[in-house]
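Q: How does one read ring pairs, cysteines and charges over rings in a protein model?

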Amino acid sequence: MLVTSSLETIAEFLEQHEDTLRVRKLLFCVCERRWENDTGVLRNLSLNQLVSRLQQKYQTFGQLSDALFGVVQQLNRQSQYARIAQTVLNQMSTLYDEQDSSEQTQFNFAPDNTEFLGQAKDTDLTLSFEHLAQNLDAEAEVIRIRKMIWCTCRQAWESNTQVLLSLDLPALLEEIQYTFPIQSDLQAALNRVVNSVSRPAEYSAIAQTILSHLELLYHAAPPTHPPDLSDLPPLALEPLPTDPPTDYSSPSTDSPASLDSAHLKTAVSPARAAAAQADTLVSPTPADAQADTVVSHQSPSPPPELTAVETEYSPAPETDFNSDLDIERDDNTAESSSTTAVVYDAFEVRLEVMKYANPLRAKIVAFSTLHHTFETRGQDWPHLRTQPFDQLLQTLYETYTDLETLVRQLNQTAEQLESPDDSLQAAEAIVKAMRPYYAAAATTPSV
Amino acid sequence: MNPQTLIQRYNAGETEFSGINLSGTDLHGADLIGIDLSHSDLHSATLIFAYLSRARLTQSNLTGARLSGANLNQASMTGANLHNADLHGASLQGADLRSADITLATLLDANLIEADLRGTDLSGSNLTGACLRGANLREEKRIYSSTLAGAILCNVDLQAANLKGADLPKVNMSGANLREVNFRNADLRGANLSGADLSGAFLTEANLTGANLDSAILKGARMERVLLTEARMSEVNLEGALLIDAKMSRVQLEKGNLKRSRLNRTDLSRANLRNADLSEAELIETYCARTNMTGVNLSAANLVRAELSTAILTWVEWKGATMPDGSEYRA
């Protein structure tokens, strides 16, 4: 009973405090290990509950004091928050044993503020993880960055943009700092991720971006003093990830030194960055799906060096990759949707014709349309043999820029050949195989 | 048996004709779908444009037979002898050709989609322009062992084929579609792959010593620990390729496109990289002793701990590069 009434009194006192908003921010942060700036949210908090939680969490007054000042030390406006922390401590001393309350520890922090960050721009945007997260989110490759961070923390790959954007980035950054207390640990972890994706070059650059942003976590000014986390009580976080599986990296393990250079810039041109950004926010087009299947179904038995981790990751980076590289690859598959620029693919056309017609008949139709009517009983065989089928098809495509004309010519030719029925069927197969390349040309503006 | 008799009896409903002799007969355009001619002698027979889908031709003798334009889809031809046969423009989609002898045969522009070629002997055959997508070429050591040695495979379509560990020294695959092919550990010494499209292929630990890869496309290919000593690769497209720990000494890479490729710890000693584009490439610990890098574009490349002290570096573009000592290039 005594405790409860004390709690209420304390809560009321803090409520009336002139700086009640800051009190709420501080207490919330000590309890939740994250910073809340939203006034609405803060006002809805129950001070009673916050104080009660703090009391339950910190068995001794000393622990409570350490906890409060541990957070204060990470903030920019330390003097103001130090005063508030002291006020809270004074109020809460009554909740602890008599002997504890008499030892009101006056926390002596070094006058030179240990700042995680440079300047805080607006008023209470101070806690490092929040700020770092915002900086990372401002990067062009934000989606990829989040993918990598998630993967580094959880050894799982997430490719859903909505999910990625809704991740609590500050919390993940905090996790990273806790899991990888030295920069080289984080480098190594990021490296492992880079080695396990199918586009290591791209993600290597992303890793570099992440490292340069998080450098601040490891090199607080002055640079020789990394933040001392021993002041903080155990963090109430979700279970930390276990060590990455040892079969993670491919046989060619890049030394961690591959990410050594802090000077390596992520040379992402604005156009490419914008394209990557745009692509990741759009639901996958059929072309993406095509790229996905093309990548993941290599052969009946995947090469053994691809670990389970790798085959899990490889589709994802492919689908969001929208550089020139992948656009050209999509062009080379005839099944690509008309959303991508369609370049004539000789192999695909030939494949399609062969599937639906006798290759020799089709070849004769093509030959006859371009040269002269083929005589099966005559001497044209050697000539025909020297004309590769895919070249004949390509010449047809280049000679007849209008689909209607092509159809007409092929049919006319087929009717005059021996076995006109089979020849007409072959002509149809040629048209069908080439149609997508005419359709695309029709929709794109002529050069 | 003479051809007319055969056709008469076939039209009357008979299909069992195994073990008969039809050598040298003219059956062009004949409709013999599903016929059983297993163990028959058909050498030098004319079967141009014949319809033989689902026919049984197991162990038959088709040496020197003329089968251009024949339709043999899903035919059963295990152990058949097709030595020197002419299959120009023939269709063998889904045919079972296990252990068949197809040496020195012509398979120009043939359709071999999803054919079963395990243990088939294709040595010296001409497969120019043939389509082998989905064909089964897998080595099953104890039972089958197909061979493509000495086969001509120009412009062939082998997209996504599994050729892991295949023995293909000196093979001619110029202009072929080899996208996503698995060539891990394959022997491609002295192979001709000029103009071939190997985008996304797996060439890890493959042996391409002395191979010809001029103007080949190797975008995004995985080539860790590949052997490319003395290979010809001028104007090759290696954008984004993975060439870590590769052996590339004396390679000819003039005007090669190596943007964003990874060459960490690769041996490029005495290689010729004149005018190659290595922008944004990774050359960490790359060994460039006596490498000719005249006119090479190294902008934004990462050369940390690369050995460049004896390389020729005239007219190199260094903008934004990370130098071997870790510092950023300053003009």
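The dialogue below goes through these features in a predicted model.

Q: How many disulfides does the structure hold over all chains?
A: A disulfide is a covalent bond between the sulfur atoms of two cysteines. Over all chains, this structure holds zero disulfides. As for burial, Cys131(B) is buried, at a relative accessible area of 0%, and Cys154(B) is buried too, at 15%.

Q: How many aromatic pairs are there over all chains?
A: The count is ten over all chains. In one of the pairs, the ring centres of Trp157(A) and Tyr203(A) are 5.5 Å apart and the planes stand at 70 degrees, so the pair is edge-to-face.

Q: Which parts of chain A does the pair of Trp157(A) and Tyr203(A) tie together?
A: Trp157(A) is in the loop between α9 and α10, and Tyr203(A) is in helix α13, so the contact ties together parts 46 residues apart in sequence. Both residues are buried.

Q: What is the geometry of the pair formed by Trp318(B) and Tyr329(B)?
A: Planes under 30 degrees apart count as stacked. Here the angle is 20 degrees, with 6.0 Å centre to centre, and the pair is stacked. Both residues lie in the segment after α1 of chain B, eleven residues apart in sequence. Trp318(B) counts as buried at 13% relative accessibility, whereas Tyr329(B) is partly exposed at 28%.

Q: Which residues do ring pairs link into a cluster?
A: The cluster consists of Tyr344(A), Tyr397(A), Tyr437(A) and Tyr438(A).

Q: Where do charged side chains sit over rings?
A: Arg361(A) lies over the face of Phe49(B), 3.6 Å from the ring centre. The charged end of Lys432(A) is placed over the ring of Tyr356(A), at 4.1 Å from its centre.

Definitions and conventions: Residues numbered from 1 in each chain as written. Chains lettered and ligands numbered in written order. Predicted model: local features only at pLDDT ≥ 70, side-chain atom pairs only at ≥ 80, totals over all residues. Heavy atoms only, no water. Disulfide = S-S within 2.5 Å. Buried < 20%, exposed > 50% of the residue type's maximum accessible area, 1.4 Å probe, protein only. Phe/Tyr/Trp six-rings, centres within 6.5 Å; stacked < 30°, edge-to-face > 60°. Helix = DSSP H or I, 4+ residues; strand = E, 2+ residues; numbered from the N terminus. Lys NZ or Arg CZ within 6 Å of the ring centre and 35° of its normal.
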